[in-house]
Amino acid sequence: MNKLAFIGGTGVYNVGILHNIEEKSINTPYGKAHYQKGLYENKEIIFLARHGVKHTIPPHKINYRANIYALKMLNVSSVISTTAVGSMNPTYKPGELVLINQFIDCTKHREHTFFDGERYGVTHIDMSEPYCNKLRRAILKAGVENDISIHPSGTYICTEGPRFETAAEIKAYQLWGADVVGMTNVPECSLAREAEICYATISMVTNFSTGINQKMLSHKEVFDCMEKNIHSFRKIVTWIIKNYNVQLDCTCHHALDEFGGFHL
Ligand code: HPA
C-alpha cells in the first residue's frame, strides 16, 4: 500500500494528530534514517524530522539520500515537507505560507543524487517542474477549505548555510527572480523525483531576508514565528491526511520510465 509521509523542517517535530506513534530507524545504503510511524484512523503515516526531533542536524549535514531512500523503502509514494524561509518578496510577509513551485540551487557540498555513476549508473532527470502538481493542488484546496491563505507559487533559492545570507547575495537572488530563501529544499526535492516519489513543500515565511529587514536576523526570530503560526500547517496536514488519495497514480511515479524505473 502506498503511504503518505511528512518531512518536518524547523519548528515542526511531529504531525500532531497521529496515534500509536512508534519511533523507528532503518538502515539504507546511504546510512541510517530516523522516523516516526503513526496512525490516523486506519491509515499509516510516516513522519521524518529533517533536523532531528531535538533540532541537532544543521542543513548542510542532513543525510538527504538516506532520508529519501528510507521513505522509498517504507512504500511512501507522496511526501509533503515544511520549510521555514526568509522572504525577499515584499508581498510575501512573515507568518504567511508559500507553496513554492520552482527552486534555484546554490548549495555547494551536498550528496545530491542517487545517480552518481555507482549504484545507479548515469541518469539525467527532468526537473522543469520540480514539485508534484497533484499534491500542490491538494494543498491549495486544503487552504481554501480551512480558510488559510497560501501564496500559490514562489521561487525558492537554496543556500548551503548554515550562515544567513549577505545583503549583496539577497540583492543578486532578487535579480534572479527568487522570492524566498532557505537551506534545505535541495537536494531533498530532486532526490524525491529521482526516487519517483511525489513531493511538495509548504514554506512558512518567518522573516524578511537580510538587507530587506533592517534588524539583524536571528534563529530565535525564525523559531518564534514558526511557533506562532504552526496551527496553519497542522490544519493543512490534517485535511490532506483525511482527504488525499495517496493510492492514485501520478507522473512523478514514472519519472524514470526511460531508464527502467527506480529500484531499491
Ligand atoms: N535565510 C535562510 N534560511 C532561512 C531564512 C533566511 O532568511 N529564514 C528561515 N530560514
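Student: Within what distance must a heavy atom of a residue lie for the residue to count as near a molecule?
Tutor: A residue is near a molecule if one of its heavy atoms lies within a set distance of that molecule. This model is predicted. The cut-off is 4 Å.

Student: Which residues surround the ligand?
Tutor: Take the shell in sequence order. The early members are Ala84, Val85 and Gly86. Phe164, Glu165, Val181, Gly182 and Met183 follow. The list ends with Thr206, Asn207, Leu217 and Val222.

Student: How many residues of each class make up the shell around the ligand?
Tutor: Sort the shell into nonpolar, polar and charged residues. Glu165 belongs to this shell, and glutamate counts as charged. The counts are 7 nonpolar, 4 polar and 1 charged.

Student: Which residue has a side-chain N or O atom 2.7 Å from a nitrogen atom of the ligand?
Tutor: Set the backbone contacts aside. Alanine 84 places a backbone N or O atom 3.3 Å from a ligand nitrogen. Glycine 86 has a polar backbone atom 3.2 Å from a ligand nitrogen. The side-chain atom at 2.7 Å belongs to asparagine 207.

Student: How much of the ligand's accessible area does the protein cover?
Tutor: Start with the ligand on its own, which has 260 Å² of accessible area. The ligand sits in the largest pocket. The protein covers 96% of that area.

Student: Which element gives the largest share of the shell around the ligand?
Tutor: Three elements give two or more residues each: strand 5 (76–87), strand 10 (180–182) and strand 11 (198–208). The largest share is 3 residues. The element is strand 5.

Student: How many bridges pair strand 2 with strand 3?
Tutor: Strand 2 covers residues 19–28 and strand 3 covers residues 31–40. They form a hairpin with 2 residues between them. Serine 25 has histidine 34 as its bridge partner, and threonine 28 stands opposite glycine 31. The pairing is antiparallel, and the number of bridges is 8.

Student: Which residue takes a positive phi in the hairpin of strand 3 and strand 4?
Tutor: Strand 3 and strand 4 (residues 43–49) run antiparallel, joined by 5 bridges. Glutamine 36 stands opposite phenylalanine 47 in strand 4. This hairpin has 2 residues between the strands, and the phi in question is near 50°. The residue is glutamate 41.

Student: Where is asparagine 75?
Tutor: Most residues other than glycine have a negative phi. Asparagine 75 is not a glycine, yet its phi is positive, about 65°. Its place is in the loop between helix 1 (64–73) and strand 5.

Student: Which residue joins proline 162 through a cis peptide bond?
Tutor: Most peptide bonds are trans. Here omega is about 0°. Proline 162 lies in the loop between strand 9 (155–159) and helix 3 (167–175). Its partner in the cis bond is glycine 161.

Student: In which helix is proline 187 found?
Tutor: The bond from valine 186 to proline 187 is cis. Its omega is near 10°. The element spans residues 185–194, and proline 187 is in helix 4.

Definitions and conventions
Residues numbered from 1 in each chain as written. Predicted model: local features only at pLDDT ≥ 70, side-chain atom pairs only at ≥ 80, totals over all residues. Heavy atoms only, no water. Polar contact = N/O pair within 3.5 Å; in protein donor to acceptor, adjacent residues only side chain to side chain. Areas by Shrake-Rupley, 256 points an atom, 1.4 Å probe, with all protein chains shown as cover. 1 Å grid on protein atoms, 1.4 Å probe; cavity = no way out; pocket = protein on both sides within 12 Å on 5 of 7 lines; lining within 4 Å. Sits in = over half its atoms within 2 Å of the grid points. Helix = DSSP H or I, 4+ residues; strand = E, 2+ residues; numbered from the N terminus. Pairing = 2+ DSSP bridges.
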